[in-house]
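Please work through the following exercises with the structure open beside you, and try each task before reading its solution.

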Amino acid sequence: MTLALAVATTLLPGPVTARPPRPVAVIAAAPRENQLETALRRHVETLASDDFGGREPGTDGETKTLRYLARQWFDIGLVSGTNDPGNAWFAPVELIERTAQASRASFAHGRRRIAVDANGVLVVTSGLRSLIENAPLLLVGRETNPKAARIELAGRIAVVFDSQSAPAAGAPASTAAPPGGAGADERAGRLLDAGAAAVITVLDGTRALDDVAARRRRPGYALAGQKLGGDIQAYVTPAVADSLFDAAGLGKLAALRTAAADPAFVPRLIGLAGTLEATSSETRIHTHNLIGKLEGRRRDLGAVVLVAHWDHFGRCADPPAEHLICNGAVDNASGLAVITEAARILTFGRPPDRDIYFLATTGEELGLLGALAFTENPPLPLDAIMAVLNVDSTGLVGPGLPVSVIGSGMTDLDDSIAAVLKSIRRKQVVDSSANAYVRRQDGWVFIQHDVPAVMVSSAYSDPARLDRFMDERYHRPTDVPARVEYGGMGEDVALQVELARYFADVHRFAGPPVPRLDSPTR
């Protein structure tokens, strides 16, 4: 029995597609603020409890999380939003986990093999097994444009200095990476895209080989069926690089680094050939997105989607640490609580014009993979989605702060959001500094698929508090319910409700034309 079927059959009474009667507004009203904060606290304390084990995909923590959320959503009055009778509520997502295993590197100068310290070389691949044999090594300068150097790079192993790495041409200053680190790996990716057979990074900057190995040997994730390629990257210590350059009669590393820093430097073969091999192991993880729906009166008018990722890291520390579980209270039990209580309020009163979907995604922490699975196999045409409202890591601030819009300037929703904020007398942060986080949340996947997506919250409007969270609690066992600000979360619930009502109202938001759908009226 699949997890989805097991959860559905043990959780939901009767057919999973059945919908409870819609609450009547004259009988019950939306929760008052203090009641709302109590409800939010209860959700977060449950979802971020040790009993849920850190909500890691493919574990018992996933089963408990989905069971809890589905029960809440069903009782509220939502129906399954998968639009797939065979997988009601729970949309299967299969992930691939790949972990680096063995690696091998050898080098030669002509017919003479060069002995190097095996502990000074690391080779990794994005595939299961990748091998490059006897490929010439090409020294690449700091200013080398990979696109312009395609002919030189083809079939060769590019050699770069970590200290000379730079962000992609045209990257905004705010996103420029410091020398080494992410900037170096981004540069290696651009060289591979331009045709290099592999890339060797000489770790002459701030990074040590042990640090790179610790990061690159962590598991990598992708959707099953997603093409991962077989790119090879290698990293060598300065000592190994010196031995290679000496053997080829090129002199010391420092002299070559100085030459490569010259803007006029032209990529050149250095008389060495390399053989690089790396292997990875593969594990499949069966997980799920949870999709609920508040039915609107007209299916042909499109839909609004509220999103929050449910996954976190499970156990993330080892003894002698006192607390071993990353509970993920702010990230992102808070977001799940917000969209759940928003759903509760939205069920009262007159049904919306458009459908409102509620999506709890898996695999966000592993690379926004649940959102990617949704966009690749959506329950409705993507161009029928008027707006995606993502909620991620709220509960950082108390009430009364202005609102930030992550995704501001990237969609056609800005004027509408401003109108909603004005109608409820909420101030908006005027700058776009919060957009620094736009690529780190599920909304980015929708934007990449030309679906307008934003994250509207006051949680990103206090830079000092946000920085403290990132430094002290983000992805750590210290992200616990006791440190969540439930007053700010309550305001975020009100925000999501008003935004969802606005975008679901065809008189206030006409939206773009919607693809023709069967059964346009209900």
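The exercises below go from a single acidic residue to salt bridges, aromatic pairs and a helix.

The model is predicted, so that local features need pLDDT of at least 70 and side-chain atom pairs count only at pLDDT 80 or more, whereas totals for chains, interfaces and linings use all residues. Residues are numbered from 1 along each chain as its sequence is written, and side-chain values use heavy atoms, with hydrogens and water left out.

**Exercise 1. Surroundings of an acidic residue**

Task: Locate Asp392 and describe which side chains it meets.

Solution: Begin with the position, which is in the loop between β15 (385-390) and β16 (404-406); helices (H or I, at least four residues) and strands (E, at least two) are DSSP runs, numbered from the N terminus. Next, look for a partner of opposite charge, where Lys and Arg count as positive and Asp and Glu as negative, while His and the chain ends are not counted. Asp392 is buried but has no salt bridge, and the nearest side chain of opposite charge, that of Arg55, is 8.4 Å away. Here buried means under 20% relative accessible area, exposed means over 50%, and partly exposed lies in between (1.4 Å probe, protein chains only). A salt bridge requires a side-chain nitrogen of Lys or Arg within 4 Å of a carboxyl oxygen of Asp or Glu.

Then turn to polar contacts, which are pairs of N or O atoms within 3.5 Å; within protein, one must be able to donate a hydrogen and the other to accept it, and residues adjacent in sequence count only if both atoms are side-chain atoms. The side chain of Asp392 makes such a contact with the side chain of His309 at 3.4 Å, and another with the side chain of Ser393 at 3.0 Å. Finally, leaving aside neighbours within four places in sequence, the residues in contact with Asp392 (heavy atoms within 4.5 Å) include Asp331, Asn332, Glu364 and Tyr460.

**Exercise 2. Salt bridges across the chain**

Task: How many salt bridges does a search of the whole structure find, and which parts of the chain does the bridge between Glu94 and Arg284 link?

Solution: The search finds 21 salt bridges. The pair of Glu94 and Arg284 links distant parts of the chain, with Glu94 in strand β2 (residues 90-109) and Arg284 in strand β10 (residues 268-294), 190 residues apart. Their closest N and O atoms are 3.2 Å apart. Glu94 is partly exposed at a relative accessible area of 28%, and Arg284 is also partly exposed, at 45%.

As a second case, take Asp162 and Arg207, whose closest N and O atoms are 2.9 Å apart in a salt bridge. Asp162 lies in the loop between β6 (157-161) and α5 (182-193), and Arg207 in the loop between β7 (198-202) and α6 (209-216), 45 residues apart. Asp162 is buried, with a relative accessible area of 0%, and Arg207 counts as buried at 13%.

As a third case, Arg426 and Glu491 meet in a salt bridge of 3.4 Å, N to O. Because Arg426 lies in the loop between α11 (414-423) and α12 (443-448) and Glu491 in helix α14, the pair ties together parts that are 65 residues apart in sequence. Salt bridges that share partners also join Asp51, Asp60 and Lys64 into one network.

**Exercise 3. Aromatic pairs and a helix**

Task: What is the geometry of the pair formed by Phe52 and Tyr68, and how far does helix α14 reach?

Solution: Rings of Phe, Tyr and Trp (its six-membered ring) pair if their centres lie within 6.5 Å, and planes under 30 degrees apart count as stacked, over 60 as edge-to-face and the rest as tilted. A search of the whole structure finds nine aromatic pairs. Phe52 and Tyr68 form an edge-to-face pair, 6.4 Å centre to centre with 85° between the planes. Phe52 is buried at 7% relative accessibility, and Tyr68 is buried at 16%. Phe503 and Phe509 form another edge-to-face pair, at 4.9 Å and 90°, and Tyr502 joins Phe503 and Phe509 in one aromatic cluster.

Helix α14 (residues 486-503) has 18 residues and reaches 26 Å from its first C-alpha to its last, close to the 26 Å expected, where the expected span is 1.5 Å times one less than the number of residues. Of the 18 residues of α14, 14 are buried.
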